[in-house]
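The exercises below invite the reader to work through a structure step by step. Each task is followed by a worked solution.

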Amino acid sequence: MAYAPHLPVETERLRLRPFTRGDVDAVFDYRRREDVARYLFDGPMSHESVAEALQARVGHDTLDGDGSKIFLAVEHKVTHRLIGEVSLILRDAANRQGEIGYIFHPDHHGHGFATEAARALLEMGFAGAGLHRIYARCAAANTASWKVMERLGMRREAHFREHIFVRGAWDEEFVYAVLEGEWRAGAGR
Amino acid sequence: MTVPDFPIETKRLVLRPFLKSDLEAVMQYHALPEVQRYLDWKARDRVEVKSALEAMVQQHRFQRPGDAVILALVRRADNALIGQASLRWVDATAGQAELRFIVGPAQRRQGYAREAVREMLDLGFEQLGLHRVFARCSARNQASANLLRSVGMRLEAHYREHALFQGEWDEELHFAILDREWLRGSKVKEIHRNMVA
């Protein structure tokens, strides 16, 4: 199985496209923030590490084996500003399991952009890549993030407590998931 | 990390590391399809069980993450080996281990697994210094789920259709307990037992 979405993917207000070298400043503008890093495994990122991370994402546009990833920048169609990033990861090809992830600039929270972009990712995963189940994870304290998952029609499948130690503190994690049948039946739309 | 003292004795069982001479007894349960689901060493015939047993014999202490303590459950009344219980050290920094247990079909429903699981939690938290122990089971396996709940483990996850198992979509439950939850619970029971005595 190999799946590569035809890019860019457009939604009502957003354009999902590959990252370019010119995106470093825009990504650094939110990845440097403690209020963004708080809920991620990495700490706040330096400009240099953002540049390296974006370089490492070049070519990640196909799902073709366990662990393969599609990384996309999310830009606003009207302003052309990069407001966040999303990912679709093939976790288990034999069992058709995938994972989605999203990070948005706090300045652009509260407008449903994450929900809109993640909905496009789920559509790619189910209709495009033929996945059977897609899950997403977030820190239990990251209410804005799991609210997005609930709006997408994902169900909370796990609540792990103190299962890992991240940056000096115990982590608490939610896992949400949606099955292809639920998605086709109209979950989250 | 502390090396546990073996054998460990419970009311009706002796928990000890495996011996090469346990092959016949292990054959009785190791190759069962429902047991295969959560084994590290897939073993369907005598040759495969023999090599799985050779690996298990070495697993009785934590030296580095990935190591396991795998113990044979021997019934004191008749010296019969009726199953196994194990803790696998998956994360040293966070003190995490996975608990597994198997009791042969002829010896089920008599509380042996529960007796062994309680002892493994004592071993994990009090001697091995773990922070959290988790266990997985199929959602179809009500007996295991009830057992894990009965020893105070919380249901943390219910994965639906996350993997195919023998051609069908599988549902998996994860249970977990933290050191402070176990030590608090077992202490209360200890006092209770003393008061009754």
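**Exercise 1.** Determine how much area is buried between chain A and chain B of this predicted model, and describe the contact.

*Solution.* Step 1: The size of an interface is often given as the accessible area lost when the parts come together. Step 2: Between chain A and chain B, about 1700 Å² is buried, and carbon and sulfur atoms give 48% of this area. Step 3: In terms of residues, 20 from chain A are in contact with 21 from chain B.

**Exercise 2.** State how many salt bridges and how many residue pairs in polar contact are counted between chain A and chain B.

*Solution.* Step 1: Three salt bridges are counted between the two chains. Step 2: One of them pairs Glu162(A) with Arg180(B); here the closest N and O atoms are 2.7 Å apart. Step 3: The count of residue pairs in polar contact, with both residues at pLDDT 80 or more, is 16.

**Exercise 3.** Identify the elements that give two or more residues to the side of chain A that touches chain B, and classify the residues of that side.

*Solution.* Step 1: The elements are strand S7 (155–166) and strand S8 (169–179) of chain A. Step 2: S7(A) supplies the largest share, 10 residues. Step 3: By class, this side of chain A has eight nonpolar, five polar and seven charged residues.

**Exercise 4.** Describe the second largest pocket by its volume and its lining.

*Solution.* Step 1: The volume of the second largest pocket is about 970 Å³. Step 2: Its lining comprises 41 residues, and those nearest the centre are Phe101(B), Ile102(B), Arg108(B), Asn141(B) and Ser144(B). Step 3: Several elements of chain B give two or more residues to this lining, including helix H2 (33–36), strand S3 (68–75), helix H4 (112–127) and helix H5 (142–150). Step 4: S5(B) gives the most, with six residues. Step 5: The lining divides into 20 nonpolar, nine polar and 12 charged residues.

**Exercise 5.** Locate the cis peptide bond between Leu7(A) and Pro8(A), the one between Phe6(B) and Pro7(B), and the positive phi of His80(A).

*Solution.* Step 1: In chain A, the cis bond between Leu7(A) and Pro8(A) has an omega of about 0°, and Pro8(A) lies in the segment before strand S1 (9–10) of chain A. Step 2: In chain B, a cis bond joins Phe6(B) to Pro7(B), with omega about 0°; Pro7(B) is placed in the segment before strand S1 (8–9) of chain B. Step 3: His80(A), although not a glycine, has a positive phi of about 65°. His80(A) is found in the loop between strand S3 (69–76) and strand S4 (82–92) of chain A.

Definitions and conventions
Residues numbered from 1 in each chain as written. Chains lettered and ligands numbered in written order. Predicted model: local features only at pLDDT ≥ 70, side-chain atom pairs only at ≥ 80, totals over all residues. Heavy atoms only, no water. 1 Å grid on protein atoms, 1.4 Å probe; cavity = no way out; pocket = protein on both sides within 12 Å on 5 of 7 lines; lining within 4 Å. Points joined across faces, edges and corners; volume = space filled by probe spheres on them. Helix = DSSP H or I, 4+ residues; strand = E, 2+ residues; numbered from the N terminus. Nonpolar A, V, L, I, M, F, W, Y, C, P; charged D, E, K, R; others polar. Contact = heavy atoms within 4.5 Å. Buried area = accessible area lost by both parts, 1.4 Å probe. Salt bridge = Lys/Arg side-chain N within 4 Å of Asp/Glu carboxyl O. Polar contact = N/O pair within 3.5 Å; in protein donor to acceptor, adjacent residues only side chain to side chain.
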